[in-house]
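Colleague: I have been looking through this model and would love a close look at a single part of it. Could you take me through the strands at the heart of the request below, and what surrounds them?

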Amino acid sequence: MDSVKELMDAFEKASITKMKVEYKDLKLELEKTSGEVITAQPSIKQPVEVVKEPVKEETGIAVHSPLVGIFYDSPSPQSQPFVKAGDHVSKGTTLCIIEAMKVMNEIKAETDGTIKQISVKNGDLVEFDQTLMIIEENV
């Protein structure tokens, strides 16, 4: 996925306004107008099931990435992480940020519980539907 980030960065700096890339099951279309990116929708040729409610796994509730982007565990490099393993969270608590095309998307807890595991590191490129962390529900 590092190559996808490099490709997106190169597109942003290039003077071209439209680009399509297909590699295996990944299709990426980028388009910009007046220097701003207006479309960046990766699509997978195989059908993907979108789950609206949290998926309960054997070990807890998985928090999945709703989009492709860069995972940030804090609002700025100097700040403390939003959450750490062992922290108690309430529904609506900000867990992390996913940056996609210069837009910061807050990911919020969909349930009350305790952060059992954080599956990615700060600055990692994450894929759509990738597990970011596991929340153990308070029973």
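What follows is a request about one strand and its surroundings, with a connected reply.

Colleague: Which strands pair with strand 8, and over how many bridges? I would also like to hear which strands supply residues to the largest nonpolar core.

Modeller: Happy to. Please keep in mind that this is a predicted model. For orientation, the secondary structure of the protein chain amounts to one helix and 12 strands, and along the sequence the helix is followed by the strands. The chain has 139 residues, of which 27% count as buried.

Strand 8 covers residues 94-100, and seven of its seven residues are buried, so this strand is mostly covered. It belongs to an open sheet of four strands, ordered 9-8-6-11, with antiparallel pairing. The edges of that sheet are strand 9 and strand 11, each of which pairs on one side only. On one flank, strand 8 pairs with strand 9 in the antiparallel sense over six bridges; I97, for instance, has E106 as its bridge partner in strand 9. These two strands form a hairpin with two residues between them, and M101 in the turn has a positive phi of about 55 degrees. On the other flank, strand 6 and strand 8 pair in the antiparallel sense over three bridges, and F71 has I98 as its bridge partner in strand 8. Going one step further across the sheet, two bridges join strand 6 to the antiparallel strand 11, where V126 is the bridge partner of G69.

E106 also has a side-chain partner: it forms a salt bridge with K108, with the closest N and O atoms 3.0 Å apart. E106 counts as partly exposed because its relative accessibility is 46%, and K108 is likewise partly exposed, at 40%. The count of salt bridges comes to two. The other pair is K116 with E136, where the closest N and O atoms are 3.7 Å apart. This pair links distant parts of the chain, since K116 is in strand 10 and E136 is in strand 12, 20 residues apart. Here too the residues are partly exposed, K116 at 42% relative accessibility and E136 at 39%.

Now to the core. The largest nonpolar core has 16 residues, and F71, L95, L132 and I135 touch the most other members. Strand 5, strand 8 and strand 12 each supply at least two residues of this core. In general terms, nonpolar side chains tend to be buried together in soluble globular proteins. L132 gives a good view of the surroundings: beyond its neighbours within four places in sequence, its contacts include V63, F71, C96, I98, I118 and V126. F71 and I98, the bridge partners described above, are thus both on the contact list of L132. Another core, of nine residues, lies apart from this one and has M19, L28, V68 and I70 among its members.

Strand 5 spans residues 60-64. It is largely enclosed by the rest of the structure, because four of its five residues are buried. Strand 5 and strand 12 pair in the antiparallel sense over four bridges, and H64 stands opposite T131 in strand 12. H64 is also in contact with L132.

Two loop residues round off the picture. T111 is in the loop between strand 9 and strand 10, and it is buried, with a relative accessible area of 14%. The side chain of T111 makes a polar contact with the side chain of E137, at 3.2 Å. Leaving aside neighbours within four places in sequence, T111 is also in contact with I61, V89, S90, K91 and I135; I135 is one of the core residues that touch the most other members. Q80 sits in the loop between strand 6 and strand 7. Q80 counts as exposed because its relative accessibility, 63%, is over 50%. Outside its neighbours within four places in sequence, Q80 is in contact with S74 and P75.

Finally, for the chain taken as a whole, 51% of the contacts between residues at least 6 apart in sequence join residues at least 24 apart.

Note on methods:
Residues numbered from 1 in each chain as written. Predicted model: local features only at pLDDT ≥ 70, side-chain atom pairs only at ≥ 80, totals over all residues. Heavy atoms only, no water. Core = buried A, V, L, I, M, F, W, Y, C linked by side-chain atoms within 4.5 Å. Buried < 20%, exposed > 50% of the residue type's maximum accessible area, 1.4 Å probe, protein only. Contact = heavy atoms within 4.5 Å. Polar contact = N/O pair within 3.5 Å; in protein donor to acceptor, adjacent residues only side chain to side chain. Pairing = 2+ DSSP bridges. Salt bridge = Lys/Arg side-chain N within 4 Å of Asp/Glu carboxyl O.
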